[in-house]
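Visitor: Got a minute to walk me through this one? I'd like to start with the aromatics.

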Amino acid sequence: MKPDIHPVYRPVLFHDVGADAFWLIGSTVSTDKTFTHTDGNTYPYVTLDVSSASHPVYTGQERKAKTEGRVAGFNKRFAGFAGQPK
């Protein structure tokens, strides 16, 4: 391998702020923030908005966006056009 061309691979602490969950995994992400983990060590720190701990698909808390089906919405929107003469 060529020296000085590869990023530094080190333990990084990721924090999902929506679910308040932490992951300590190896990564090459660059960050200036640090955080002291529960094990007492200080690690580079990256915040996440969404992860598998907070995403509705993985948590099983999916919310239905629409209360009516696609066909019912179409009929509701274009109901006035059906009765018009040509």
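Guide: Sure. F35 has a relative accessible area of 33%, so it is partly exposed. Keep in mind that this is a predicted model.

Visitor: And F22, what's its relative accessible area?

Guide: F22 comes to 32%, so F22 is partly exposed as well.

Visitor: How many aromatic pairs are there by the count?

Guide: Three aromatic pairs. F22 and F35 make a stacked one, with 5.5 Å centre to centre and 20 degrees between the planes. F22 sits in strand β2 and F35 in strand β3, so the pair links parts 13 residues apart in sequence.

Visitor: Why does that count as stacked?

Guide: Planes under 30 degrees apart count as stacked, and the F22–F35 planes are at 20 degrees.

Visitor: Which cluster do F22 and F35 belong to?

Guide: They form one aromatic cluster together with Y45.

Visitor: What about F74 and F78, how are their rings arranged?

Guide: F74 and F78 form a tilted pair: 4.9 Å between centres, 50 degrees between planes. F78 has 34% relative accessibility, so F78 counts as partly exposed.

Visitor: OK, step back. What's the overall secondary structure?

Guide: Two helices and four strands. Along the sequence the pattern reads β-β-β-β-α-α.

Visitor: In what order do the strands sit in the sheet?

Guide: β2-β1-β4-β3, in an open sheet with mixed pairing. The edges are β2 (21–27) and β3 (34–36); each has a single partner strand, so one side of each lacks a neighbour in the sheet. Direction ignored, neighbouring strands are turned by 45 degrees against each other on average.

Visitor: Take the pairings one by one. How do β1 and β2 pair?

Guide: Antiparallel, over seven bridges. R10 stands opposite S27 in β2, and L13 has L24 as its bridge partner there. The two strands form a hairpin with four residues between them. In that turn, D20 has a positive phi of about 55 degrees.

Visitor: And β1 with β4, parallel or antiparallel?

Guide: Parallel, over four bridges, with β4 spanning residues 42–48. F14 has V46 as its bridge partner in β4. D16 stands opposite L48 in β4.

Visitor: That leaves β3 and β4. How many bridges join them?

Guide: Three, and β3 and β4 run antiparallel. T36 stands opposite T42 in β4. This is a hairpin too, with five residues between the strands. G40 in the hairpin takes a positive phi near 95 degrees.

Visitor: Back to β1. How many of its residues are buried?

Guide: Five of its seven, so β1 is mostly covered. H15 lies in this strand. Its relative accessibility is 10%, and H15 therefore counts as buried.

Visitor: Which side chain does the H15 side chain make a polar contact with?

Guide: The side chain of Y45, at 2.6 Å. Y45 is also in the aromatic cluster with F22 and F35.

Visitor: What else is H15 in contact with?

Guide: Leaving aside neighbours within four places in sequence, H15 is in contact with D20, A21, F22, Y45, V46, T47 and L48. F22 is in strand β2, and β4 covers residues 42–48.

Visitor: Now V8. Where does it sit?

Guide: In the segment before β1 (10–16).

Visitor: Is V8 buried or exposed?

Guide: Exposed, because its relative accessibility is 58% and the cut-off for exposed is over 50%.

Visitor: Which residues is V8 in contact with, sequence neighbours within four places aside?

Guide: S27 and T28. S27 is also the residue opposite R10. V8 and V29 are 8.5 Å apart, C-alpha to C-alpha, and 21 residues apart in sequence.

Visitor: Last topic, the whole protein. What share of residues is buried?

Guide: Of the 86 residues, 16% count as buried. The accessible surface comes to about 7,400 Å². Carbon and sulfur atoms account for 54% of that surface.

Visitor: And the contacts, what share join residues at least 24 apart?

Guide: That share is 34%, among contacts between residues at least 6 apart in sequence.

Notes
Residues numbered from 1 in each chain as written. Predicted model: local features only at pLDDT ≥ 70, side-chain atom pairs only at ≥ 80, totals over all residues. Heavy atoms only, no water. Buried < 20%, exposed > 50% of the residue type's maximum accessible area, 1.4 Å probe, protein only. Contact = heavy atoms within 4.5 Å. Pairing = 2+ DSSP bridges. Axes fitted to C-alpha atoms, helices over the stretch in contact; angles between N-to-C directions. Areas by Shrake-Rupley, 256 points an atom, 1.4 Å probe, with all protein chains shown as cover. Polar contact = N/O pair within 3.5 Å; in protein donor to acceptor, adjacent residues only side chain to side chain. Phe/Tyr/Trp six-rings, centres within 6.5 Å; stacked < 30°, edge-to-face > 60°.
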